[in-house]
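Visitor: I'm new to this one and would like a close look at a single part. Could you pick a helix and walk me through it?

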Amino acid sequence: MRRRAALREPGDPEVVIIDTDGLQSLARAHLTGRRKGWWPAGPLLARALIDLHREEGVPAGVVTPYPV
């Protein structure tokens, strides 16, 4: 992974994929309605990624495949 990161051109976007399978209940969406809910790990992971990139002065965004 480090070797690949070293080959990345300056300005190229970085894609981070996080496997949440081992987070047990934090990784499961908690439904609050038929199509609504919240995902406990979502805000925690998003905040950690945004803070890391902010410290480096790099813009960042978070996209998840979860509808809730």
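Guide: Let's start with one residue, His53, which counts as buried at 9% relative accessibility (buried means under 20% relative accessible area, exposed over 50%, and partly exposed in between, with a 1.4 Å probe and protein chains only). Before going further, a word on what you're looking at: this is a predicted model, where local features need pLDDT of at least 70 and side-chain atom pairs count only at pLDDT 80 or more, while totals for chains, interfaces and linings use all residues. Residues are numbered from 1 along each chain as its sequence is written, and side-chain values use heavy atoms, with hydrogens and water left out.

Back to His53, which sits in helix α2 (helices are DSSP runs of H or I with at least four residues, strands are runs of E with at least two, and both are numbered from the N terminus). Setting aside residues up to four places away in sequence, His53 touches Glu14, Val58 and Ala60; contact here means heavy atoms within 4.5 Å.

Now for the helix as a whole. Helix α2 covers residues 41–55. It has 15 residues and reaches 21 Å from its first C-alpha to its last, close to the 21 Å expected at 1.5 Å a residue (that expected span is 1.5 Å times one less than the number of residues). His53 has company in α2: the buried residues are Ala41, Gly42, Ala46 and His53. Seen down the axis of α2, these buried residues fall within an arc of 115°, so they line one face of the helix; the arc is that of the directions from the helix axis to the C-beta atoms. On the other side of α2 you'll find Pro43, Leu44, Arg47, Arg54 and Glu55 exposed.

Two of those exposed residues take us to the salt bridges. A salt bridge is a side-chain nitrogen of Lys or Arg within 4 Å of a carboxyl oxygen of Asp or Glu, and the structure holds two of them. In one, the side chains of Asp51 and Arg47 meet at 3.1 Å, N to O. Asp51 also forms a salt bridge with Arg54, where the closest N and O atoms are 3.4 Å apart. Put together, Arg47, Asp51 and Arg54 are linked in a network.

How does the spacing along the helix look? Asp51 and Arg47 are four residues apart in α2, about one turn of the helix, and Asp51 and Arg54, three residues apart, are likewise separated by about one helical turn. An α-helix has 3.6 residues a turn, so residues three or four places apart point the same way. Side chains of opposite charge can pair when their charged atoms come close.

As for how open these three are, Asp51 is partly exposed, with a relative accessible area of 25%. Arg47 counts as exposed at 52%, and so does Arg54 at 55%.

Two last stops lie around the helix. Just after α2, Gly57 takes a positive phi of about 70°. And if you look from Arg47 to Val62, 15 residues apart along the chain, their C-alpha atoms are separated by 9.3 Å.
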